[in-house]
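These are my notebook entries on one structure, set down in the order in which I looked things up.

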Amino acid sequence: MLQKTPPGELYLSIQNLWKAFGSFLALKDISLEINEGEFVCFLGPSGCGKTTLLRAIAGLDLQTKGTVMQDGKDVSNLPPSERDFGIVFQSYALFPNLTIEKNIAFGLENSGRSKSEIAVRVNELLHLVGLPDQGKKYPAQLSGGQQQRIALARAIATKPGLLLLDEPLSALDAKVRVHLRHEIKELQRKLGVTTVMVTHDQEEALAMADRIVVMNHGVIEQVGSPTEIYRHPGNLFVADFIGEMNQLQATAGDPQTLELGGSVLKCARHSHQKGSRVIAAVRPDDVIPHGEGARSPDAPDTITTPENAFEVLINEMEFLGSFWRCRLSNKRFGSSELIADFSVNAVRRLELEEGRTMMIELPADRLMAFDLPETGA
Amino acid sequence: MSTISTNSGTLPPGPDIKPKLSRDDILMRGSMMVIVLYLIVTLALPLYTMLSKSFSTYRMELSQYEFQVSDDAGIFDGTVLTGDALNRQTEVFTDTDLVTGSDGRLPVTGFFPDFSFRSPVMYQIRNTTDTGRFLVGSTLHEGTEWVELDSNTFRRVQLRPVQSRGLGNFVNYFSTPALFNSIKNSLWISVVSTIVTVTLAFWFAYALNRSCMRFKGVFRLIAMAPILVPSLLPGIALVYLFGNQGMLKELLFGASIYGPIGIVIGSVFFTFPHAFLIISTALAISDARLYEAAASLRSTPWRTFWTVTVPGARYGLISAAFVVFNLVITDFGLPKVIGGQFNVLAVDIYKQVIGQQNFEMGAVVSVVLVIPAILAFAIDRMVQSKQVALLSARSVPYQATPNPKADRLFLAYCSLIGLFIVGLLAVCQFAALIKFWPYDLSLSLKNYQFDKMDGGGWGSYFNSIRLALLTAVIGTSVVFFGAYLVEKSKGFRTGRSIFQMFAMLPMAIPGMVLGLSYIFFFNNPSNPLNGIYGTMAILVICTVTHFYTVSHLTAVTALKQMDREFESVSASLKQPTMKLFARVTVPVCLPAVLDISIYLFVNAMTTVSAVVFLYSPKTTLASIAVLNMDDAGDIAPAAAMGMMIFYTNAAARIIHLVASRGILKRTQAWRSR
């Protein structure tokens with residue numbers, strides 16, 4: 001498996017951070033370490049505390065308890081102006097009455113740089129973000145994506161040690177968003193600046209981050225690389241929040257089996273006690289479709305784990321462009337349906353249609369067992 | 001098993017992180033404290049002094065004095081008589097004679113029926129307690145020593161009252177029908193003026209917003225004109241029209257314009273623009289989709305009017321009603337000019353203080369006046385906060401469709417209102433330009449020779465301009481900076497909410513009350529700020545404070561539209577907040593800044609109520625001159641000065657318009673894409 005080793009040394013260390021708003025705890029005992037040059041995403045639903053954590057790192061809204069160490073220095077109680085970071089907000093927060101040049105130059109003034117030095121640096125930054133000829137314009141004359149690039153240029157103008165991005169792409173159209181996230185990632189790699197980005201968009205986090213910190217209800221649910229998080233979610237919340245996940249009532253068996261609707265299936269290794277109730281989870285795109293002769297050893301699409309293969313009824317098919325979403329039923333699923341995404345190719349080859357039965361397989365290493373969700377939490 | 005629980009624990013014990021304040025934080029908090037202190041000194045303390053004054057009662061305590069009388073040879077036989085006993089014997093003073101004010105003085109010769117200032121009889125007088133005080137001539141005697149005086153000097157003995165706290169003044173007030181009748185009068189004219197003004201303004205605003213009538217721009221201008229003149233100017237015009245020698249006196253069929261009729265007509269004139277603006281805003285924001293829905297349901301226009309239009313504008317109507325009510329009940333200039341024998345609260349304060357030097361009673365009337373004013377203000381604030389919630393970003397603005405018949409009707413109606421407003425102003429201008437109404441109607445400029453009249457002459461006019469400019473510049477700076485601090489500084493919640501409270505308070509305080517409380521506070525010799533009494537400084541301070549609230553709200557509204565994160569970005573770039581303020585905040589908010597300054601300028605030119613207690617011979621003002629010249633019977637010059645104020649304000653508005661267009665074009669280039 002591709003496990004990216006975080007580059008560089010420890011840069012940002014957060015220890016036992018708490019944030020209380022009155023009696024409401026927005027952050028509960030958060031500890032996290034970020035290495036130099038790393039691109040980390042805080043990912044979670046709205047209200048999970050990810051922005052609160054970012055603002056505590058920036059010193060914009062101080063934590064109630066806990067320490068923040070940046071580059072070996074305790075910055076826990078310092079005001080933003082005495083910390084070392086650049087920040088980009090969802091709203092861009094470009095100064096509307098200043099030209100693009102002056103916006104970028106804003107942080108370069110009062111720092112002992114001469115006018116010509118500032119002009120050179122501004123020009124360099126405009127080239128860096130790909131908007132070399134726009135310096136004389138006002139923010140309102142640029143598109144949203146261009147404005148966000150200017151905000152980025154302004155944030156990195158002073159070469160801060162830490163770049164904070166607070167939902168930087170949320171206000172943009174889908175197409176611009178995809179394009180810009182690629183550019184930001186490129187730029188970050190080029191500059192090697194340690195970056196923390198807050199987002200609620202899992203796709204964005206998966207595409208951009210070296211490491212993802214999944215948060216919920218003020219705590220960290222899981223920290224890991226995008227592939228780890230996607231392939232080996234640590235709990236049902238992560239599994240459900242990132243990507244899509246079928247959830248079926250099941251009972252744990254041996255460490256590598258579970259019982260689904262009376263049949264024992266092989267699954268990924270788990271540590272649940274035998275006989276305890278669990279949720280069996282599998283992603284729709286992990287469900288493997290098989291042709292009729294698949295059980296025979298010389299079939300082109302051999303079944304790898306025979307226990308995990310069974311016949312299902314196709315209740316409904318929905319065409320979603322690059323694939324078909326199928327709702328499948330089987331006594332093993334009880335009253336719920338299994339959602340499976342099959343390629344257009346597979347659907348054509350296997351002549352799938354609504355009302356037919358077909359053979360599927362739930363790959364053992366992709367079938368996971370999780371604790372039941374806590375009720376009332 | 002998952003290793004991280006999702007709902008762990010409670011906050012660990014131990015102290016919370018204490019933020020280290022940046023230099024900007026300290027600067028901003030310090031500045032905020034300075035402005036709060038300013039508001040405390042110019043608002044809270046004076047009001048408190050006034051309130052405590054209203055509870056101060058003064059009474060002659062006769063038991064505190066003892067007297068001895070000698071025989072004709074000047075020998076005292078040792079008989080000591082208390083003042084109390086003497087009054088019981090002689091019954092010179094009734095109990096009400098003994099109730100007095102802080103300046104009360106009581107001669108004592110009446111206790112001695114045989115008294116003659118030529119007789120050789122000698123008198124002795126002393127206080128029996130430390131609180132007793134009496135005057136011999138102008139020398140104050142305290143302490144319990146006997147003072148021996150001959151008859152001629154004894155004539156000049158005057159007892160001084162003892163101060164105590166209590167409801168005496170209020171009891172006194174409510175047992176004097178001449179005084180408490182004013183409450184009824186004030187409420188009566190305020191309610192009638194409110195109903196008339198709001199009704200007239202509603203249809204006017206309706207015509208301008210919902211019809212395809214012609215000349216809308218002209219009517220909008222005319223409707224705003226009364227804001228540019230002091231409230232007493234319509235009174236002068238009404239005197240010319242319907243007074244004892246009025247041009248149209250017969251139209252009143254024998255009724256007198258001096259009294260409620262005059263006050264109501266004049267109040268409609270000067271409150272009209274306020275009501276019109278509020279209602280117009282309420283009508284402008286209504287949603288066209290509701291009208292389309294009503295039309296598709298085949299509602300009749302009449303039904304649509306009552307089910308869509310009126311409910312949509314209801315907050316505007318209520319708000320306008322309370323604003324008008326407040327303006328009328330607190331207004332002083334108009335009832336002073338045209339009220340005649342009809343007493344109202346605001347004029348009572350003036351009469352008690354200036355006429356009778358009874359400051360305690362002035363304070364009592366002020367307290368009485370503050371109550372309805374604060375109530376009206378509080379209800380208005382509540383209503384306005386609801387109005388905001390009514391706005392939705394998805395609303396589609398209503399577009400009127402032409403309806404020739406209705407449009408003509410609206411045009412006629414608006415013309416009538418326009419005629420009323422322009423007419424009153426024209427009458428004033430006409431009166432100012434003729435020699436001697438009604439005997440010599442030839443034109444002349446002699447009424448502009450203000451230096452020959454009471455009121456301070458042309459000096460007053462230039463003083464007013466100075467006051468207006470100073471108020472505009474200083475007031476705008478203080479108000480805008482204060483609003484910025486309170487909107488954009490972080491943490492420090494208590495300080496900010498105290499600030500907000502103080503910033504809202506001036507609107508609820510009638511000008512007369514503010515002015516009177518300034519006398520009590522600043523004219524006290526033991527107040528270190530006593531030095532500003534009688535200077536231009538106190539007039540500027542008073543005017544800025546008087547008009548603080550509206551300016552503050554304008555500034556806050558503009559600041560709220562700024563991105564909340566500008567300060568965060570600036571701090572992350574290690575730039576001082578004041579640089580951000582100067583380079584970004586002020587330029588972006590320039591339209592609001594200019595609006596505040598013209599608002600303060602115009603109000604400083606026209607205000608009468610607060611400053612009428614505070615001007616000195618060196619700082620007479622144009623608006624006060626109008627009042628004083630009218631009082632002295634120089635009505636034509638009063639009208640002339642009133643029109644000078646009008647032209648000055650009109651010119652200021654035009655300059656403001658041109659200047660702000662110019663500045664905005666340069667500084668707000670970023671607004672256009």
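**Entry 1: a sheet in chain A**

I began with strand β4 of chain A, residues 65-70, and found that two bridges join this strand to β5(A), the two running antiparallel. I should keep in mind that the model is a predicted one. I then looked up a single bridge and noted that Met69(A) has Asp74(A) in β5(A) as its partner.

Next I asked in what order the strands of this open sheet lie. The order is β2-β1-β4-β5 in chain A, four strands with antiparallel pairing. The edge strands are β2 (24-35) and β5 (73-74) of chain A, each of which pairs on one side only. I recalled the general point that strands of a sheet pair through backbone hydrogen bonds, either parallel or antiparallel.

I also looked for a helix against these strands. Helix α1 of chain A, residues 50-58, lies across β1 (10-21), β2 and β4 of that chain, and runs at about 60° to β2(A).

**Entry 2: strand β18 of chain A**

Which side chains of β18(A) are buried, and which are not? In this strand, residues 338-343, I found that Leu338(A), Ala340(A) and Phe342(A) point to one face and are buried. Ile339(A), Asp341(A) and Ser343(A) point to the other face and are not buried. This fits the general rule that side chains in a regular strand alternate between the two faces of the sheet.

I then checked the pairing of β18(A). Six bridges join it to strand β17 (residues 323-329) of chain A, and the two run antiparallel. Leu338(A), one of the buried residues, is the bridge partner of Leu328(A).

**Entry 3: where chains A and B meet**

I looked up how many residues each chain gives to the contact: chain B gives 37 and chain A gives 46. On the side of chain B that touches chain A, the elements giving two or more residues are α1 (23-54), α22 (566-572) and α23 (577-588) of chain B. α22(B) gives the most, with five residues. I recorded the make-up of that side of chain B as 16 nonpolar, eleven polar and ten charged residues.

**Entry 4: nonpolar cores**

The largest nonpolar core has 279 residues, of which Ile236(B), Ile279(B), Cys428(B) and Met641(B) touch the most other members. Helix α9 of chain B, residues 260-284, supplies the largest share of this core, 13 residues.

I followed Ile279(B) further. Leaving aside neighbours within four places in sequence, its contacts include Ala201(B), Phe202(B), Gly316(B) and Leu317(B).

Finally, I noted a second, separate core of 15 residues, with Tyr65(B), Leu86(B), Val108(B) and Phe134(B) among them.

How values were computed: Residues are numbered from 1 along each chain as its sequence is written. Chains are lettered from A and ligands numbered from 1 in the order in which they are written. This is a predicted model: local features need pLDDT of at least 70, side-chain atom pairs count only at pLDDT 80 or more; totals for chains, interfaces and linings use all residues. Two strands pair if DSSP finds at least two bridges between them. Two residues are in contact if their C-beta atoms, placed from the backbone, lie within 7 Å. Axes are lines fitted to C-alpha atoms, for helices over the stretch in contact, and angles run from 0 to 180 degrees between N-to-C directions. A residue is buried if 20 or more other C-beta atoms lie within 10 Å of its own, exposed if 12 or fewer, and partly exposed in between; C-beta atoms are placed from the backbone. Ala, Val, Leu, Ile, Met, Phe, Trp, Tyr, Cys and Pro count as nonpolar, Asp, Glu, Lys and Arg as charged, and the others, Gly among them, as polar. A nonpolar core is a set of buried Ala, Val, Leu, Ile, Met, Phe, Trp, Tyr and Cys residues joined through C-beta atoms within 7 Å.
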